[in-house]
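Thank you all for coming; I would like to walk slowly through one structure this morning, so please keep it open in front of you while I talk.

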Amino acid sequence: TTILAIESSCDETSAAVISNGQLRSNIVATQLIHQKYGGVVPELASRAHQQHILPVVEKALKDAKVSKKDLNAIAFTRGPGLLGALLVGASFAKALALGLDIPLIEVNHMQAHVLAHFIEEPRPAFPFLCLTVSGGHTQIVLVRGPLEMEVIGETQDDAVGEAFDKTAKLLNLPYPGGPLVDQYAQKGNPSAFPFPISEMPGLHFSFSGIKTSVLYFLQSRTKEDPRFVEENIADICAGVQHTLIKMLLQKLRKAAKQTGISDIAIAGGVSANSGLRKSLREMGEKDGWNVYIPRFEYCTDNAGMIAMAAHFKFQQKQFAEQTISPMPRMAI
Ligand code: ATP
Ligand code: MG
Ligand code: FE
């Protein structure tokens, strides 16, 4: 079985080919146009998807050495994401499936982030916990089976990726700032400037408070010394990152204790963060967990993970109708 998968939920246009569960290509075109606006501009994202989708799909087919007539299904991201962006991928997938007279498969982007773990070894065993941390979501997911997932804790306001990006913005770093905060943090002292932890009930998170603390902290320090940010950027990044990771891992440890599950995975764009990867490994060693951390390219948005999810859906003959429409807000 060979499936072509398309991802267009936000600002990467991506296509991948999977054969019998084996990923054969994964092409990602990241839209750089949003950088000068300091965030994703939905209208520009849709237009860029329209420009990139055909070349990206053709490259994915070519790299996989597959022609359109070899395909058994077309998969696409149905949601969650930006409506206009999702529409481009959905329309393209529908038209292609109709033209080739093959089934259509709709994929939930957040399920796919979790299923990125099945692209290569070591694959986690069920049930496992997945901390999904991205630009729009922060969730602890109890994964019982490939298509059987339950969110047992999540953010009540901002996503942790947003906290990274907004901190970066306050530090005048270009969008998306998460990776830059990571780079500076590696050179800084995490205890030089401590930031408060937001306490939340159960397994829930809150990340809007830290953004405000960073804002007030920077305002007062820059008033005293206009060069404060310039001179202390590594320590500031290290302090913020340390706090965010602490909030994430505290709840993950709590979830592991509550469920008695010790197979622990992370997924989503923020799982590319080097500090989080390191701290999770350390906590895993202490607590006796089997820890699963995907390769960088499978952490951020990519169609490879959509293809993986589609592989499982094809096995269960979960196909979509031609009348299906995107769902910008879609639960797991
Ligand atoms: P969602 O998956 O919730 O719809 P999204 O698709 O925009 O959101 P991803 O592409 O999975 O999110 O992740 C992007 C986020 O990951 C951005 O907020 C970005 O700053 C963050 N990110 C990427 N690399 C790093 C890193 N090394 N450290 C911290 N954050 C990072
Ligand atoms: Mg993105
Ligand atoms: Fe994503």
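Let me begin with a question: which residues does H109 touch, not counting residues up to four places away in sequence? In this model, which is a predicted one, the residues that H109 touches beyond that limit are S9, T77, G79, P80 and G81. H109 itself lies in helix α3, which covers residues 109-115, and it counts as buried because 27 other C-beta atoms lie within 10 Å, where 20 or more are enough for that label.

Before going further, a word on confidence, since everything here comes from a predictor: the mean pLDDT of the protein is 97, with 100% of its residues reaching 70 or more, and the complex is given an ipTM of 0.97 together with a pTM of 0.95.

Now, I chose H109 as a starting point because UniProt, in an unreviewed entry, places the feature "binding site" at H109, H113 and D301. These three positions span 193 residues in sequence, and yet no two of their C-alpha atoms are more than 8.8 Å apart, so they gather at one spot. The distant partner, D301, is found in the loop between α9 (296-299) and α10 (303-315), and with 26 C-beta neighbours inside 10 Å it is buried. If we leave aside its neighbours within four places in sequence, D301 is in contact with E7, S9, C10, E12 and S14, and you may remember that S9 was also on the list for H109.

The same unreviewed UniProt entry type gives a second group under "binding site", namely T132, V133, S134, G135, G136, D165, G178, D182 and N273. Let me take two of these in turn. D165 lies in helix α4, residues 160-170, and is buried, with 25 other C-beta atoms within 10 Å; away from its sequence neighbours within four places, D165 is in contact with Y175, P176, G177 and G178. N273 sits instead in the loop between β9 (263-267) and α8 (274-287), and it too is buried, with 26 other C-beta atoms within 10 Å.

What comes nearest to ligand 1? Of the 24 residues around ligand 1, those that come nearest are G135, G136, G161, G178 and G269, and the elements that give two or more residues to this shell are α3, α4 and α5 (178-185). By character, the shell around ligand 1 divides into 7 nonpolar, 14 polar and 3 charged residues.

Let me turn to the interior. The largest nonpolar core has 96 residues, and those with the most contacts inside it are A5, A75, I306, A307 and A310, while the largest share of this core, 11 residues, comes from helix α7, residues 228-259. Taking I306 as an example, and again setting aside neighbours within four places in sequence, we find it in contact with A5, I6, E7, A16, A75, T77, V107 and A112.

I will finish with Y298, whose place is in helix α9. Y298 counts as buried, with 24 C-beta neighbours inside 10 Å, and, not counting residues up to four places away in sequence, it touches A116, I119, G304 and M305. The C-alpha atoms of Y298 and P80, which are 218 residues apart along the chain, are separated by 18 Å.

Conventions. Residues are numbered from 1 along each chain as its sequence is written. Chains are lettered from A and ligands numbered from 1 in the order in which they are written. This is a predicted model: local features need pLDDT of at least 70, side-chain atom pairs count only at pLDDT 80 or more; totals for chains, interfaces and linings use all residues. UniProt positions are given in the numbering used here, feature names are shortened, and annotations may be inferred rather than shown by experiment. Helices (H or I, at least four residues) and strands (E, at least two) are DSSP runs, numbered from the N terminus. A residue is buried if 20 or more other C-beta atoms lie within 10 Å of its own, exposed if 12 or fewer, and partly exposed in between; C-beta atoms are placed from the backbone. Two residues are in contact if their C-beta atoms, placed from the backbone, lie within 7 Å. A nonpolar core is a set of buried Ala, Val, Leu, Ile, Met, Phe, Trp, Tyr and Cys residues joined through C-beta atoms within 7 Å. A residue is near a molecule or strand if its C-beta atom, placed from the backbone, lies within 6 Å of it. Ala, Val, Leu, Ile, Met, Phe, Trp, Tyr, Cys and Pro count as nonpolar, Asp, Glu, Lys and Arg as charged, and the others, Gly among them, as polar. pLDDT is the predictor's confidence in each residue, from 0 to 100.
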